[in-house]
Amino acid sequence: MVIIEEKNVQTAEALWTELGALHKKSNSESELIYRGHSNTEWDILPSLFRPQSIEQLLLLIGDKWRVEQLTWLEFTTLRNFIYRCDDAGSIIPTDSVSFRKSNLMDESFSKYLTHVQNWPNEELIDSLAVAQLHGLPTRLLDWTTNPCVAAYFATRGFCNTYIFS
């Protein structure tokens, strides 16, 4: 059973006190993980399955879509991202000629059309993570064992809006 405890703090000092206590728990034998959501109304959904991504998909393929099309979109977006990284001189983790041959060719993707549940394979996870960090929608969710990292993502919009404006 998962128990989610909500803590409300009113000052930055109280926040740091709470985070310090959580960080000590995280560094002990506890297996706490955190997700930095800044809005409790948001569903915990990977960016690929969020309404704005689905809207873009519908614009591309029409009003009816299948999971194979969503997988193809993610594959194509990842492949284009990797090629743009080449143009920019950026290195992608686990990149090699064999990686590209076995993962980025149309023929290599065809195996997923009949077995969508196998997408993405383990070799693609690092590349998908880098793509997600650059704003591309993926099926990955960010989690952390560090409560300070989660707090950063939960509060970064607030700080930009209220403190620095």
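This passage describes the helices of a predicted model, their packing and several individual residues.

The chain has 7 helices and 0 strands. Read from the N terminus, its elements therefore run α-α-α-α-α-α-α. The chain holds 165 residues, and 27% of them count as buried. Its exposed area is about 11800 Å². Carbon and sulfur atoms supply 56% of that area. Contacts were also sorted by separation along the sequence. Among those between residues at least 6 apart, 61% join residues at least 24 apart.

Helix 3 spans residues 67-88. Its packing against helix 2, helix 5 and helix 6 is described in turn.

Helix 2 covers residues 51-61. The axes of helix 2 and helix 3 lie 11 Å apart, and the packing angle is about 100 degrees. Angles of 65 to 115 degrees count as roughly perpendicular, so helix 2 is roughly perpendicular to helix 3. Helix 2 contributes Ile54, Leu57, Leu60 and Ile61 to the contact. Helix 3 contributes Gln69, Leu70 and Leu73. By class, the residues of this contact are 6 nonpolar, 1 polar and no charged.

Helix 5 covers residues 106-114. Its axis and that of helix 3 come within 10 Å and cross at roughly 155 degrees. An angle over 145 degrees counts as roughly antiparallel. Helix 3 and helix 5 are therefore roughly antiparallel to each other. Their crossing is right-handed. On the helix 3 side, the contact involves Glu68, Thr71, Trp72, Phe75 and Arg79. On the helix 5 side, it involves Asp106, Phe109 and Leu113. The contact of helix 3 with helix 5 comprises 4 nonpolar, 1 polar and 3 charged residues.

Helix 6 covers residues 125-133. The axes of helix 3 and helix 6 come within 10 Å, with a crossing angle of roughly 80 degrees. This angle makes helix 3 roughly perpendicular to helix 6. Glu74, Leu78, Phe81 and Ile82 belong to helix 3, and they meet Ser127, Leu128, Val130 and Ala131 of helix 6. The classes here are 6 nonpolar, 1 polar and 1 charged.

Phenylalanine 75 gives a residue-level view of helix 3. This side of the picture links back to helix 5, since Phe75 is among the residues of helix 3 that meet helix 5. Phenylalanine 75 is buried, with a relative accessible area of 2%. The cut-off for buried is under 20%. Beyond its neighbours within four places in sequence, phenylalanine 75 is in contact with Asn103, Leu104, Met105, Asp106, Phe109 and Trp119. Phenylalanine 109 is 34 residues away from phenylalanine 75 in sequence. Their C-alpha atoms are 7.7 Å apart in space.

Tryptophan 119, a contact of phenylalanine 75, also takes part in a cis peptide bond. That bond runs from tryptophan 119 to proline 120, and its omega is near -10 degrees. Proline 120 sits in the loop between helix 5 and helix 6.

Another backbone feature occurs at threonine 94. This residue lies in the loop between helix 3 and helix 4, which covers residues 97-103. Its phi is near 60 degrees, a positive value in a residue other than glycine. Threonine 94 is partly exposed, with a relative accessible area of 44%.

Two residues of the loop between helix 6 and helix 7 were also examined: leucine 136 and proline 137. Helix 7 covers residues 147-163. Leucine 136 is buried, at a relative accessible area of 18%. Proline 137 is partly exposed, at 28%. Setting aside residues up to four places away in sequence, leucine 136 touches Ser47, Thr77, Phe81 and Ala131. Of these, Phe81 in helix 3 and Ala131 in helix 6 also take part in the contact between those helices. Leucine 136 and leucine 78 are 58 residues apart in sequence. In space, the C-alpha to C-alpha distance between them is 8.0 Å.

Proline 137 touches Ser47, Leu48, Ser53 and Glu74, again not counting residues up to four places away. Ser47 is a contact of leucine 136 and of proline 137. Serine 53 lies 84 residues from proline 137 along the chain. The C-alpha atoms of proline 137 and serine 53 are separated by 7.0 Å.

Definitions and conventions: Residues are numbered from 1 along each chain as its sequence is written. This is a predicted model: local features need pLDDT of at least 70, side-chain atom pairs count only at pLDDT 80 or more; totals for chains, interfaces and linings use all residues. Side-chain values use heavy atoms; hydrogens and water are left out. Axes are lines fitted to C-alpha atoms, for helices over the stretch in contact, and angles run from 0 to 180 degrees between N-to-C directions. Helices (H or I, at least four residues) and strands (E, at least two) are DSSP runs, numbered from the N terminus. Angles under 35 degrees count as roughly parallel, over 145 as roughly antiparallel, 65 to 115 as roughly perpendicular and the rest as oblique. A crossing is left-handed if the near helix is turned anticlockwise from the far one by less than a right angle, and right-handed if clockwise. Contact means heavy atoms within 4.5 Å. Ala, Val, Leu, Ile, Met, Phe, Trp, Tyr, Cys and Pro count as nonpolar, Asp, Glu, Lys and Arg as charged, and the others, Gly among them, as polar. Buried means under 20% relative accessible area, exposed over 50%, partly exposed in between (1.4 Å probe, protein chains only). Accessible areas come from the Shrake-Rupley method with a 1.4 Å probe; for residues, only the protein chains shown count as cover.
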